[in-house]
Amino acid sequence: MKCEELLQMLNEYVDGPVDPGVCAEFEQHLAGCNPCQVVVDNIRRTITLYKDGTPHELPLPFRNRLHAALRERWRETHPPEKNPPAN
Ligand SMILES: [Zn+2]
């Protein structure tokens, strides 16, 4: 699994339950990828906090916010290009 695929899966994770087989690959990637760990950890905590107070479905505005936060987090930990060394 690549980082981009993990992000894709995280989006699905926000929207609902994820296939357990996919989860195994997910965990496997996480075990070896620090930037992804940071993002996933953050999102999981947010979802857990929220789900504590509600049964199952995340309301749409909340999901949209979560998706936005996810992309933002992702950009921070996965810069599109390496910065050239400043001279
Ligand atoms: Zn990764």
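## A tour that starts at Thr 77

Select Thr 77: leaving aside its neighbours within four places in sequence, Thr 77 is in contact with Pro 35, Val 38 and Val 39. Contact means that heavy atoms lie within 4.5 Å.

Before moving on, a word on what is on your screen. This is a predicted model, in which local features need pLDDT of at least 70, side-chain atom pairs count only at pLDDT 80 or more, and totals for chains, interfaces and linings use all residues. Residues are numbered from 1 along each chain as its sequence is written, while side-chain values use heavy atoms, with hydrogens and water left out.

**Stop 1: Thr 77 and its surroundings**

Thr 77 belongs to helix 4 (residues 60–77). Helices (H or I, at least four residues) and strands (E, at least two) are DSSP runs, numbered from the N terminus. Is Thr 77 buried or exposed? Its relative accessible area is 19%, so Thr 77 is buried. The cut-offs are under 20% relative accessible area for buried, over 50% for exposed and partly exposed in between (1.4 Å probe, protein chains only).

Now draw a distance from Thr 77 to Pro 35, C-alpha to C-alpha. You should get 5.3 Å, although the two are 42 residues apart in sequence.

**Stop 2: His 78**

Add His 78, which sits in the segment after helix 4. The side chains of Thr 77 and His 78 are joined by a polar contact of 2.9 Å. A polar contact is a pair of N or O atoms within 3.5 Å; within protein, one must be able to donate a hydrogen and the other to accept it, and residues adjacent in sequence count only if both atoms are side-chain atoms.

His 78 has a relative accessibility of 18%, so this residue counts as buried. Which residues does His 78 contact, leaving aside its neighbours within four places in sequence? They are Cys 3, Pro 35 and Cys 36. From His 78 to Pro 35 the C-alpha distance is 6.9 Å, with their positions 43 residues apart along the chain.

**Stop 3: the zinc ion**

Cys 3 and Cys 36 lead to the next stop. Show the zinc ion and its protein donors: Cys 3 (SG), His 29 (NE2), Cys 33 (SG) and Cys 36 (SG), which lie 2.1 to 2.3 Å from the ion. Donors are N, O and S atoms within 2.8 Å of the metal (3.2 Å for Na, K and Ca); water is not among the atoms, so sites may look incomplete.

What is the arrangement around the zinc ion? The four donor atoms subtend angles of 107 to 114 degrees, which makes it tetrahedral. Four donors earn that word if all angles lie between 85 and 135 degrees.

Along the chain, the donors follow the spacing C-x25-H-x3-C-x2-C. Cys 3 lies in helix 1 (residues 3–15) and Cys 36 in helix 3 (residues 34–53), so this pair ties together parts that are 33 residues apart in sequence. Cys 36 has 0% relative accessibility, so Cys 36 counts as buried.

**Stop 4: along helix 1**

Colour helix 1. Its 13 residues should span 18 Å at 1.5 Å a residue, and the end C-alpha atoms are 19 Å apart, which agrees. The expected span is 1.5 Å times one less than the number of residues.

Next, select the buried residues of helix 1: Cys 3, Leu 6, Leu 7, Met 9, Leu 10, Asn 11 and Val 14. An α-helix has 3.6 residues a turn, so residues three or four places apart point the same way. Pause at Met 9, which is buried with a relative accessible area of 9%. The C-alpha atoms of Met 9 and Phe 26 are 8.2 Å apart, and the two residues are 17 apart along the chain.

**Stop 5: back to helix 4**

Select His 67, a residue of helix 4. His 67 contacts Asn 11, Val 14 and Asp 15, leaving aside neighbours within four places in sequence. With a relative accessible area of 13%, His 67 is buried.

For contrast, pick Arg 75, also found in helix 4. Arg 75 counts as exposed, at 56% relative accessibility.

**Last stop: zoom out**

The chain has four helices and zero strands. Of its 87 residues, 31% are buried. Among contacts with a separation of 6 or more, 62% link residues 24 or more positions apart.

Finally, colour by pLDDT, the predictor's confidence in each residue, from 0 to 100. The chain's mean is 82, and 83% of residues reach 70 or more. Among the elements, helix 4 has the highest mean (88) and helix 3 the lowest (82). Where pLDDT is low, the predicted coordinates should not be read in detail.

Terms used: Tetrahedral: all angles 85-135°; square planar, octahedral: opposite > 155°, others 65-115°.
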